[in-house]
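Here is a short briefing to read alongside the coordinates. Have the viewer open and follow the topics in turn.

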Amino acid sequence: MATVKVGLVQMSCGADKQSNLAKAIEKTRQAAASGAQIVCLQELFTSLYFCDVEDYKNFKLAEAIPGVSTDALSKVAAELNIVIIASLFEKRAQGLYHNTTAVIDADGKYLGKYRKMHIPDDPAFYEKFYFTPGDLGYKIFKTKYASIGVLICWDQWYPEAARITSLMGAEILFYPTAIGWSTAQDEATNTEQFNAWQTIQRSHAVANGVHVVSVNRVGFEQNGAMKFWGGSFVSNPFGTVIQQASHDKEENLIVEIDLSKTDSYRTHWPFLRDRRIDSYQPITNRFIDEE
């Protein structure tokens, strides 16, 4: 399709998993009613962001993929004729867990999953305690409306992930996300962090000649210590922010993307043509500190 309407569901979450799922489904219905054809939900939308602590009880939040949540979302996708991108806490086997996003096509068919490759470990973001790094590699999903690539949150900071997914044929890069500010932090630092977060993703759009869709959660969590900054946005292939959500409200953004323009962007700024693939072998080193 030459054009596709994407829906970004930016919402707050509570402690009850079923209530969060029901809320996400209701907001997905609202997005579809406003014309969205591909709806992306934020990272780990069925729960509070639990990685602020290392607590074994939180593993009870995990589920099989496909499973209960994807079954419920598949029914909605088929009913509304929409694609749904759903970020979930996956229980793969006993003692083996992933941060995973499922993709469901517009006929309700489960197309597959992407497992988060880059796993952070920072204060209030102790993801290495919970998540095994992805082992499925980078992936694209050929949906009814577009061939899409899905990456997850911390993957946002790695140009290699965006590049490989784009080279596989992704027409749009989606990033379900959960990122926020410590409420003890000053406003200047908040602004600097958000600008860095958005800039790196806009740069992926430019370097690869694709649209980027980033969907973040919003609201206070961790007993008020963390404010998830929202700011969900869509960037075109020149890095222009087409639309951006607020930092403090639940919102659905509905943005029309003209995929036919990708060829024009890539033709006039032919970064893919001029890649020196013969010179990139050193990128596979952890650090180049030996001759």
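In this predicted model, strands β9 and β12 pair in the antiparallel sense, and three bridges join them. One residue pair to look up here is Trp181 with its bridge partner in β12, Lys227. The pairing belongs to an open sheet of three strands, and the notes below start there before turning to the pockets and to one lysine.

**The sheet and its helix**
- The strand order is β9-β12-β11, with antiparallel pairing.
- β9 and β11 (residues 218-221) are the edge strands, each of them pairing on one side only.
- On average, neighbouring strands of this sheet are turned by 20 degrees against each other, if direction is ignored.
- Helix α4 lies across both β9 and β12, and runs at about 155 degrees to β9.

**The second largest pocket**
- Which elements each supply at least two residues of this pocket's lining? They are β9 (180-182), α4 (187-208) and β12 (226-229), so you will meet two paired strands and the helix that lies across them again here, with the helix and strands taken as DSSP runs.
- β9 gives the largest share of the lining, with three residues.
- The pocket has a volume of about 340 Å³, and 23 residues line it.
- Nearest to its centre are Asp122, Phe125, Ile179, Gly180 and Gln193.
- By class, 15 of the lining residues are nonpolar, five are polar and three are charged.

**The largest pocket**
- About 520 Å³ of space lies in the largest pocket.
- Its lining is made up of 15 residues, and those closest to the centre are Glu160, Ile164, Tyr280, Ile283 and Thr284.
- Seven of the lining residues are nonpolar, while four are polar and four are charged.

**Lys27, a lysine in a helix**
- Lys27 is part of helix α1, which spans residues 17-33.
- Is Lys27 buried or exposed? With a relative accessible area of 14%, Lys27 counts as buried, because the cut-off for that class is under 20%.
- Leaving aside residues up to four places away in sequence, Lys27 touches Val9, Met11, Glu250 and Asn252.
- Two of these contacts, Val9 and Met11, have lower residue numbers than Lys27, and the other two, Glu250 and Asn252, have higher ones.

Technical notes
Residues are numbered from 1 along each chain as its sequence is written. This is a predicted model: local features need pLDDT of at least 70, side-chain atom pairs count only at pLDDT 80 or more; totals for chains, interfaces and linings use all residues. Side-chain values use heavy atoms; hydrogens and water are left out. Helices (H or I, at least four residues) and strands (E, at least two) are DSSP runs, numbered from the N terminus. Buried means under 20% relative accessible area, exposed over 50%, partly exposed in between (1.4 Å probe, protein chains only). Contact means heavy atoms within 4.5 Å. On a 1 Å grid over the protein atoms alone, a cavity is a set of points where a 1.4 Å probe fits but cannot get out, and a pocket is an open set with protein on both sides within 12 Å along at least five of seven lines; lining residues have an atom within 4 Å of a point. Grid points are joined across faces, edges and corners, and a volume is the space filled by probe spheres set on the points. Ala, Val, Leu, Ile, Met, Phe, Trp, Tyr, Cys and Pro count as nonpolar, Asp, Glu, Lys and Arg as charged, and the others, Gly among them, as polar. Two strands pair if DSSP finds at least two bridges between them. Axes are lines fitted to C-alpha atoms, for helices over the stretch in contact, and angles run from 0 to 180 degrees between N-to-C directions.
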